Amino acid sequence: MSQDLTGRVAIVTGAGRGLGQAYSLALAKAGARIVAADVIDSSETVEQVSAIGGEAIAVSADVTSTEQMNDMARSAVDAFGRIDILVNNAALYGGLSKMSSMLDLSEDEWDTVMDINVKGVWKAARAVVPQMSQQKYGKIINISSGTIFMGMPGLMHYVTSKGAVWAMSRVMSRELGPAGIRVNCVTPGFTMTQASEDLMTKAGNTDTKQRVASMSPLGRSQQEDDLTGTIVFLSSVASDFITGQTLNVDGGVTHG
Ligand SMILES: NC(=O)c1ccc[n+]([C@@H]2O[C@H](COP(=O)([O-])OP(=O)(O)OC[C@H]3O[C@@H](n4cnc5c(N)ncnc54)[C@H](O)[C@@H]3O)[C@@H](O)[C@H]2O)c1
């Protein structure tokens with residue numbers, strides 16, 4: 001079954017850097033036109049897509065704003081006429097102030113994490129559903145995290161938010177399935193993005209990459225491209241009878 005995305009339109013939130021940028025490029029390589037949405041400048045992502053002969057637009061959009069999410073969906077339809085795929089990737093991860101025990105976590109940061117990582121996923125999905133329903137077809141991929149299986153210490157707010165994304169995906173799949181919208185969840189393992197490097201530096205952990213690599217049966221650390229094949233698969237017709245599922249992509253570090 002084909003994983004060709006020619007004619008498809010994909011919105012990727014948090015597309016300005018890191019994994020969101022990698023997903024945008026991979027989806028474009030498979031033929032999709034890309035709406036790269038982020039609070040930071042996504043023009044580098046658009047340039048990378050253009051460089052491989054693809055089409056993309058950058059949209060400045062904060063997932064915590066209902067209005068900006070609706071504008072994002074409108075921009076996608078104005079530019080490309082439809083919305084087939086939403087990769088709900090934006091999150092407060094690299095931007096977390098530090099790692100700290102549950103006893104020391106700031107209540108303000110807890111609320112911000114929930115606002116972006118949980119409500120943001122809901123708001124972005126809510127904004128694209130009317131268009132996808134009209135098309136009677138859509139794919140929503142919610143990015144959770146393998147930390148929900150490990151219970152990563154020092155990140156209780158983040159881990160809790162990603163647990164909510166996992167749970168929310170199940171509700172979404174049941175509510176949106178009748179409209180032809182498939183909703184799945186991906187739990188990436190610890191991946192060597194700039195955000196991961198920044199977070200580990202803040203925590204004073206210099207050996208995390210090696211420690212995680214030693215926990216994988218495949219014996220190496222996870223790179224951005226280890227996730228892109230799964231995102232393309234879940235975006236394509238090849239996965240059309242898969243919904244409400246969680247794909248754990250972590251080189252076998254956990255068993256989901
Ligand atoms: N890197 C990892 O090890 C890892 C592992 C598991 C899950 N994840 C998840 O993958 C995703 C990407 O991770 P990354 O490593 O590229 O981290 P990152 O911090 O670089 O990416 C997050 C992106 O979201 C954007 N963003 C933040 N707040 C936003 C908002 N309010 N509205 C719109 N965009 C906003 C950021 O600007 C950034 O581009 C995140 O959801 C993260 O939780 C990452």
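## Ser-216 and its loop

Ser-216 sits in the loop that links helix H8 (208-215) to helix H9. The model is predicted. Ser-216 has a relative accessible area of 7%, so this residue is buried.

The Ser-216 side chain makes polar contacts with backbone atoms. One goes to the backbone oxygen of Gly-251, at 2.6 Å. Another involves the backbone nitrogen of Leu-218, which lies 2.9 Å from a polar atom of the Ser-216 side chain. Leaving out residues up to four places away in sequence, Ser-216 touches Gly-251 and Val-253.

## Helix H9

H9 spans residues 225-235. Its buried residues are Leu-227, Thr-228, Thr-230, Ile-231, Val-232, Leu-234 and Ser-235.

Which elements help to cover these buried residues? The cover includes helix H1 (18-29) and four strands: S4, S5 (138-143), S6 and S7 (246-249).

## The largest nonpolar core

The largest nonpolar core holds 47 residues. Within this core, Ile-11, Met-72, Leu-86 and Ile-140 have the most contacts. Several elements give two or more residues to it. The strands are S1 (9-13), S2 (33-38) and S6 (181-188). The helices are H3 (66-80), H4 (107-135), H6 (156-176) and H7 (194-203). H4 gives the most, with 11 residues.

Met-72 shows how parts of the chain meet. Setting aside neighbours within four places in sequence, Met-72 is in contact with Ile-11, Thr-13, Ala-37, Val-59, Ala-61 and Ala-124. Another core, of 27 residues, lies apart from the largest one. Val-12, Ala-26, Ala-28 and Ala-36 are among its members.

## Strands S1 and S2

S1 and S2 run parallel and are joined by five bridges. Val-9 stands opposite Arg-33 of S2. S2 is mostly covered, with five of its six residues buried. Both strands also appear in the list of elements that give two or more residues to the largest core.

In a regular strand, side chains alternate between the two faces of the sheet.

## Met-132 in helix H4

Met-132 lies in H4. Its relative accessibility is 0%, so Met-132 counts as buried.

What does Met-132 touch, not counting residues up to four places away in sequence? One run of partners is Ile-83, Asp-84, Ile-85 and Leu-86. Another is Tyr-137, Gly-138, Lys-139 and Ile-140. Ala-179 and Ile-181 complete the list. Leu-86 and Met-132 are 46 residues apart along the chain, and their C-alpha atoms are separated by 9.9 Å. Leu-86 and Ile-140 are also among the residues with the most contacts inside the largest core.

## Aromatic rings

A pair of aromatic rings is described by the distance of the centres and the angle of the planes. The count of aromatic pairs comes to one. Tyr-93 and Tyr-158 form this pair, at 5.3 Å centre to centre and 35 degrees between the planes. The geometry is tilted. Why does the pair tie together parts that are 65 residues apart in sequence? Tyr-93 lies in the loop between strand S4 (85-88) and H4, while Tyr-158 is in helix H6, so the pair links these parts. Tyr-93 and Tyr-158 are both buried.

A charged side chain also meets a ring. Arg-126 lies over the face of Trp-122, at 4.4 Å from the ring centre.

Terms used
Residues numbered from 1 in each chain as written. Predicted model: local features only at pLDDT ≥ 70, side-chain atom pairs only at ≥ 80, totals over all residues. Heavy atoms only, no water. Core = buried A, V, L, I, M, F, W, Y, C linked by side-chain atoms within 4.5 Å. Buried < 20%, exposed > 50% of the residue type's maximum accessible area, 1.4 Å probe, protein only. Contact = heavy atoms within 4.5 Å. Phe/Tyr/Trp six-rings, centres within 6.5 Å; stacked < 30°, edge-to-face > 60°. Lys NZ or Arg CZ within 6 Å of the ring centre and 35° of its normal. Polar contact = N/O pair within 3.5 Å; in protein donor to acceptor, adjacent residues only side chain to side chain. Pairing = 2+ DSSP bridges.
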